[in-house]
Amino acid sequence: MSKNTLIRALSRDGYVDVIAADSTAMVEEARRIHSTRPTATAALGRLLTAASMMGSDLKSDDASVTLRVKGSGEIGTILCTADRTASARGTVANPLCDPPRKPSGKLDVGAAVGNDGTLEVIRDLGFGEPYAGRVPLVSGEIAEDLTSYFFRSEQTPTVLGLGVLTESERVLAAGGYLIRLLPGAPDRVIDELERCAPLFVPVTELLSGGAGPEEIVKLLLPGFDMEILPDSKREVAYRCRCSRERVARALISMGQKELFRFAEECREEPAEIKCEFCTKKYVFTSGDLLALARAARSEDGSGEEG
Ligand SMILES: [Zn+2]
């Protein structure tokens, strides 16, 4: 059974839309790259999985969705971004954050993130100005915060489940489901959805029980005639889009003056610039930086993310 699949399903009446993902492999890769401790793994993994599901919904190849959680807790800012292929990448300020577990034995993501802060969602549709929405954090548990965003900022009632299960350090299971009630849904659809509510169990429970995304849709919504959209299947992967060219463009955006200064600093030892998403290193010699400084003009390049 593959541990990196996302699918989307729509009820035949067209009112209920579901995305379900097994992101185990992606979250394990994120853990490996950032050497996160379990609570940080869970926080980053939940946000990555949400970004991947939201990304899969985008229409253009150039589009992206970025989620930024900035709470008052020790973990600091968590940032994830994804595109329509459902591949995602992310960073966490304090990968070692691992507060004591809850009395139930569950990882305390809410304590790590803190409930005082903001969740920001930036949708870049690939043209025009990106659209950004921001809501206060509800609990810092990520799923509740995003549910609040969907309701307050996009007026879409949703049920969102996100989960990461770790054993010692490794990721045993990770995934998510996003159930959306589409506009115009009649009362009978809302009632039926409410009847399904007791089935909305933690996604890691479903995954650990051997369910894949297709089964998850059936298990969550038995009362609905759900059709898996044929072209919706995606491979959920941790994929960084950094390249030497992108790093060079980011450097150019520093401006000519800063670059000349930086080139001077790097005369003895070349600059080593590390991608914050995948930790890949790019080396720029003083000569490289001088060439970029010459390329930098007053119309600075746009500040590209990795
Ligand atoms: Zn990278």
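**View 1. Leu79 and Thr91 face each other as bridge partners between two strands.** Let's start with one pair: Leu79 has Thr91 of β5 as its bridge partner. The model shown here is predicted: local features need pLDDT of at least 70, side-chain atom pairs count only at pLDDT 80 or more, and totals for chains, interfaces and linings use all residues. Residues are numbered from 1 along each chain as its sequence is written. Strand β4 (residues 78-82) pairs with β5 in the antiparallel sense, over five bridges. Strands here are DSSP runs of E with at least two residues, helices are runs of H or I with at least four residues, and both are numbered from the N terminus. Two strands count as paired if DSSP finds at least two bridges between them.

**View 2. Five strands form an open sheet.** Follow the order β5-β4-β3-β6-β7, with antiparallel pairing. Because β5 and β7 (131-136) stand at the edges with a single partner strand each, one side of each has no neighbour in the sheet. From one strand to the next, the twist averages 10°.

**View 3. Helices α2 and α4 pack on the sheet.** Helix α2 lies across β3 (64-71), β4 and β5, at about 30° to β4. Helix α4 (residues 143-154) touches β3, β6 (117-124) and β7, and its direction makes about 120° with that of β7. Angles run from 0 to 180 degrees between N-to-C directions, using axes fitted as lines to C-alpha atoms, for helices over the stretch in contact. Residues are in contact if their C-beta atoms, placed from the backbone, lie within 7 Å.

**View 4. Ala51 sits among the best-connected members of the largest nonpolar core.** This core has 72 residues, and Val18, Ala43, Leu47 and Ala51 touch the most other members. Helix α2 (residues 38-55) gives the most to it, with 10 residues. A nonpolar core is a set of buried Ala, Val, Leu, Ile, Met, Phe, Trp, Tyr and Cys residues joined through C-beta atoms within 7 Å. Buried means that 20 or more other C-beta atoms lie within 10 Å of the residue's own, with C-beta atoms placed from the backbone. Leaving out residues up to four places away in sequence, Ala51 touches Val65, Leu67, Cys80, Thr81, Ala82 and Ala88.

**View 5. Domain 1 (5-235) meets domain 2 (244-295).** These bounds come from an automatic or database domain assignment. Four residues of domain 1 are in contact with four residues of domain 2. Strand β5 (residues 88-92) supplies the largest share of domain 1's side, three residues.

Technical notes: A residue is buried if 20 or more other C-beta atoms lie within 10 Å of its own, exposed if 12 or fewer, and partly exposed in between; C-beta atoms are placed from the backbone. Two residues are in contact if their C-beta atoms, placed from the backbone, lie within 7 Å.
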